[in-house]
Amino acid sequence: MSFVTLPDLGEGIERAIVACWYFKEGDVVEEGEDILEVVTDKAVFNVPSITGGVLRKVLVKDGQEARIGEALGEIRETN
Amino acid sequence: MLGALVNNYHVQDLSLIDYAATYRIQKECVERVIAGGAQTLLLCEHLPVITLGRLAKEANVLSREAIASKGIRIISVDRGGDVTLHSPGQLVVYPILRLENFKKDLRWYLHQLEQVAIDLLMTFGIVADRIPGKTGVWVDGEKIASIGIGVKKWVAFHGLAINVCTDLEVFDLIKPCGLDIRMTSMTRLKGEPVDMGGVKERLVECFGRGFGLKSEIRV
């Protein structure tokens with residue numbers, strides 16, 4: 001099992017809001033594919049999946065806030 | 001050689017152009033830069049359009065009837081920020097930059113874009129500044145430049161809009177950036193017409209200096 005986490009967006013940025021998941025639970029995602037958008041101040045940032053597999057669980061939903069490093073979703077890797 | 005590649009970029013003046021067409025060009029540039037292609041600076045003016053960033057609130061679009069009667073489209077876009085308006089007389093600047101060449105830091109990049117606008121305005125004798133907590137560029141409390149970006153694979157797109165000789169009354173249709181503010185323009189502040197061509201030339205100079213980039217090709 002792997003987790004998509006909110007990456008480091010730069011100095012002084014501690015949180016971001018999940019703006020839009022491109023996929024829903026059960027969808028297949030590819031490694032490196034952008035799977036959601038997060039927003040901070042005047043920037044939208046596309047977050048990629050670090051592995052290929054099935055998006056098993058969305059942990060932080062649209063409109064919710066997350067801390068840098070926090071798990072946003074859970075991916076069950078496929079071989 | 002690698003240094004030259006990192007520090008060179010293309011400038012493309014799209015003149016007066018529909019927003020949707022520019023967005024397609026932006027996305028093509030983003031994919032090219034992601035694939036290792038040259039960084040690009042797009043310059044243009046847009047036909048009247050209202051864009052909603054990802055944090056935009058519906059209430060900040062003040063008069064949909066008046067907007068519709070003027071034939072102005074409202075488009076949701078993948079940039080940060082609230083609502084803004086583009087129209088002729090406003091210089092819209094879309095840097096498509098590989099941030100890993102500079103700093104993978106969104107606040108740093110937004111700050112740099114503000115500085116490019118501040119430096120540009122200074123060349124016209126306009127003293128502009130930042131307001132803490134309100135991204136953008138201001139002159140005596142009135143907003144002259146707005147900023148909103150998108151980032152994919154650490155390649156930045158969207159950018160900066162500077163009111164050169166914009167008809168400021170159109171901003172009455174929205175609550176710009178979701179704030180109770182007045183907008184201003186270079187023409188209003190100078191009390192005389194400001195040439196868009198001259199602004200574009202100086203913008204390219206300030207941008208190159210600000211990011212340590214050398215314009216390689218101008219198309």
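This is a short talk on a sheet, a helix and an interface in a predicted model.

Let me start with the sheet in chain A. It is open, has four strands, and runs in the order β1-β8-β6-β3. The pairing is antiparallel. Strands β1 and β3, the latter at residues 28-29, stand at the edges. Each has a single partner strand, so one side of each has no neighbour in the sheet.

Stay with β1 of chain A, residues 2-5. Its partner is β8, residues 71-77, and four bridges join the two. Where does A:S2 sit against β8(A)? A:S2 stands opposite A:I75. A:V4 stands opposite A:G73.

Now the side chains of β1. They alternate. A:S2 and A:V4 point to one face, and both are buried. A:F3 and A:T5 point to the other face and are not buried. That means the two residues I just placed opposite A:I75 and A:G73 are the buried ones of this strand.

Next, chain B and helix α4, residues 106-123. Does the length add up or fall short? At 1.5 Å a residue, 18 residues should span 26 Å. The end C-alpha atoms are 26 Å apart, which agrees.

The helix has a cap at its N-terminal end. The residue is B:D105. One of its side-chain oxygens lies 3.1 Å from the backbone nitrogen of B:R107. Just after the helix, B:G125 takes a positive phi of about 75°. The buried residues of α4(B) include B:L106, B:Y109, B:L110 and B:L113. Polar side chains are on that list too: B:Q112 and B:E114 are buried.

Last, the interface. How many residues of chain A are in contact with chain B? The count is 20, against 23 residues of chain B. The buried area between the chains is about 1700 Å². Carbon and sulfur atoms give 54% of that. On the chain A side, A:K42, A:V44 and A:F45 supply 37% of the area buried against chain B, more than any other three residues.

Then the polar side of the interface. Eleven residue pairs are in polar contact between the chains, counting pairs with both residues at pLDDT 80 or more. The rule finds three salt bridges across the interface. One of them joins the side chains of A:D34 and B:K152, at 3.8 Å, N to O.

Which elements of chain A give two or more residues to this side? They are β2 (15-21), β4 (34-40) and β5 (43-48). The largest share, five residues, comes from β5(A).

Conventions
Residues are numbered from 1 along each chain as its sequence is written. Chains are lettered from A and ligands numbered from 1 in the order in which they are written. This is a predicted model: local features need pLDDT of at least 70, side-chain atom pairs count only at pLDDT 80 or more; totals for chains, interfaces and linings use all residues. Side-chain values use heavy atoms; hydrogens and water are left out. Buried means under 20% relative accessible area, exposed over 50%, partly exposed in between (1.4 Å probe, protein chains only). Two strands pair if DSSP finds at least two bridges between them. The expected span of a helix is 1.5 Å times one less than its number of residues. A polar contact is a pair of N or O atoms within 3.5 Å; within protein, one must be able to donate a hydrogen and the other to accept it, and residues adjacent in sequence count only if both atoms are side-chain atoms. Contact means heavy atoms within 4.5 Å. Buried area is the accessible area (1.4 Å probe) that two parts lose on being put together, summed over both. A salt bridge is a side-chain nitrogen of Lys or Arg within 4 Å of a carboxyl oxygen of Asp or Glu.
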